[in-house]
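Biologist: Hello! I am new to this structure and would like to go through it with you. Could you put it on the screen, please?

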Amino acid sequence: MLEIKFVRQNLSEVQQSLSTRGGAANLENFKECEEKRRELLFEVEELRHRRNVVSEEIAKMKKQGENAESLVLEMRDVSVRIKELEKSLSENEEAVNNIIMCLPNLPHASVPLGKDASENKLVKQVGTPRQFDFEAKAHWTLGENLKILDFERAAKIAGARFPLYFGAGAKLERALINFMLDIHTTEHGYKEILPPFIVNRKTMTGTGQLPKFEADLFKLEGWDYFLIPTAEVPVTNIHQEEVLEEEMLPIYYTAYTPCFRSEAGSYGKDTRGLIRQHQFNKVELVKFSTPERSYDELESLLENAETILKRLELPYQVITLCTGDMGFSAAKTYDIEVWLPSQGVYREISSCSNFENFQARRANIRFRRKGKKGTELVHTLNGSGLAVGRTFAAILENYQQADGSVLIPQALRPYMGGMEKI
RNA sequence: GGAGAGAUGGCCGAGAGGUCGAAGGCGCUCGCCUGCUAAGCGAGUGUGUGGCGAAAGUUGCACCCAGGGUUCAAAUCCCUGUCUCUCCGCCA
């Protein structure tokens, strides 16, 4: 969330900045509620002050055996009044809170202006898409023919948009997870985390999925629990309500988790294959940083994710999301897109973002500078390193042979027991 | 699932209606002392939010797990919830 005071004092600038993200924010309403809230707060505090002073006086009088009856009677009324005011104050606070919690982050100055995905900026392309002397098949065709993917049976067990891997397919998925985790932990300095896959409402709110995007989540009926849509949620919240020491920063965590998304409103998009599933695997990278270093950390996070694609020798491109295409909590986001021959396009396989202190304020994650008084909010970052299901799809498509078989990328063969081909 | 105990500052831990934002210790910061280190001595050291101030500050309010209640007054009494620990049952 944004700082309430900052929004109040820079109303038009905030309005202006948020308007570049599309979906006009209603700051008029905020202004009204916030003014009312401040009035009520002032009044309540004044009365509470009076009560504190008089109560102390009553205590003194009683000690000296004097009669304090008239003061007690007066305070009885004051307390009733305070209670009334507190009630309307808390209603008002809730209204302000609802508004502020639904405001997206302010875009960083380096983020290109734009209304939607068409205005994202290409940063670079790495690797050259392979020329096929036959027609490149889609990964779901390859996978089904090789009997390593079975969407029909998956639908029978669970429904549409669920994966079912068999044999070498299951092994390849597992190999990818291990491959990614090993690189990030041994070469990039991340600590491996295995978090809960179900989290509570506060945690979901801390990273920004709630209150605005409940429809995108799977909720457990009868419980205030949600399936995680990404490891970002449990891993960032590891340090919720904590004060970290400056020398602990930066903190690097990596975690494999399955991810669960309702994909509400995506009917008809990517209905086939592994691209858009209700459940998929992902290896996530999460960082906690001091504010002054966070944009350097974003660059290295991006490189860490790119390393996986380079090792797998998959062609990809990196883009900077424009203001209109960024996610709710992000101040700046790079997407990595992998080449999918069957579609002839680059598709998102990783999204690397700096959230600055937006999540830290919600989750209350602070740090203390050595030798300095007080605390500051940390900056949080995360990125996929990578989406495993989409990596699986990219390998099938990019490494397919004319006979329908698929070569295993060199770097992955040790993880496949030496297997060279499926 | 049953029975009991607990939750207090960065950490440990006292406090059992008013003198408590909270003893004491640890840690940390600054200073003194010491040939270095260690020890010792002295002072300071929570968070949030508002007012005043250029600032150092100063001042109001809130916060002792969370939410309600009793009371002129709640860390302290009552109710509900969450979490932790111990024992019993069940279980991978």
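Biologist: Which element gives the most to the surface near RNA strand B?

Modeller: Welcome! This is a predicted model, in which local features need pLDDT of at least 70, side-chain atom pairs count only at pLDDT 80 or more, and totals for chains, interfaces and linings use all residues. Residues are numbered from 1 along each chain as its sequence is written, chains are lettered from A and ligands numbered from 1 in the order in which they are written, and side-chain values use heavy atoms, without hydrogens and water. Helices (H or I, at least four residues) and strands (E, at least two) are DSSP runs numbered from the N terminus. With 11 residues on the surface near RNA strand B, the top contributor is α3.

Biologist: Which residues come nearest to RNA strand B?

Modeller: A residue is near a strand if one of its heavy atoms lies within 4 Å of it. There are 23 residues around RNA strand B. Those that come nearest are R8, E45, H49, R76 and S79.

Biologist: What class of residue is most to be found there, nonpolar, polar or charged?

Modeller: Ala, Val, Leu, Ile, Met, Phe, Trp, Tyr, Cys and Pro count as nonpolar, Asp, Glu, Lys and Arg as charged, and the others, Gly among them, as polar. On the surface near RNA strand B, 4 residues are nonpolar and 6 are polar. The remaining class has 13 residues, and that class is charged.

Biologist: What percentage of the RNA atoms within 4 Å of the protein belong to sugar or phosphate?

Modeller: Let's look at some contacts, where a polar contact is a pair of N or O atoms within 3.5 Å; within protein, one must be able to donate a hydrogen and the other to accept it, and residues adjacent in sequence count only if both atoms are side-chain atoms. Phosphate oxygens of RNA strand B lie 2.7 Å from an N or O atom in the side chain of H49 and 3.4 Å from a polar side-chain atom of K83. A base takes part as well: one of its nitrogens is 3.0 Å from a polar backbone atom of S55. Of the RNA atoms within 4 Å of the protein, bases hold the rest, while the share of sugar or phosphate is 73%.

Biologist: How do α3 and α4 run, roughly parallel or antiparallel to each other?

Modeller: Helix α3 (27-63) and helix α4 (69-101) have axes 8 Å apart and pack at about 155 degrees. Axes are lines fitted to C-alpha atoms, for helices over the stretch in contact, and angles run from 0 to 180 degrees between N-to-C directions. Angles under 35 degrees count as roughly parallel, over 145 as roughly antiparallel, 65 to 115 as roughly perpendicular and the rest as oblique. The two helices are therefore roughly antiparallel.

Biologist: Which strands stand at the edges of the sheet of 8 strands?

Modeller: Two strands pair if DSSP finds at least two bridges between them. This open sheet has mixed pairing and the order β1-β8-β9-β10-β13-β7-β6-β2. Each edge strand has a single partner, so one side of each is left without a neighbour in the sheet: these are β1 (121-126) and β2 (191-193).

Biologist: What is the bridge partner of I193 in β6?

Modeller: Edge strand β2 pairs with β6 (251-260) in the parallel sense, over 3 bridges. In β6, the partner of I193 is A255.
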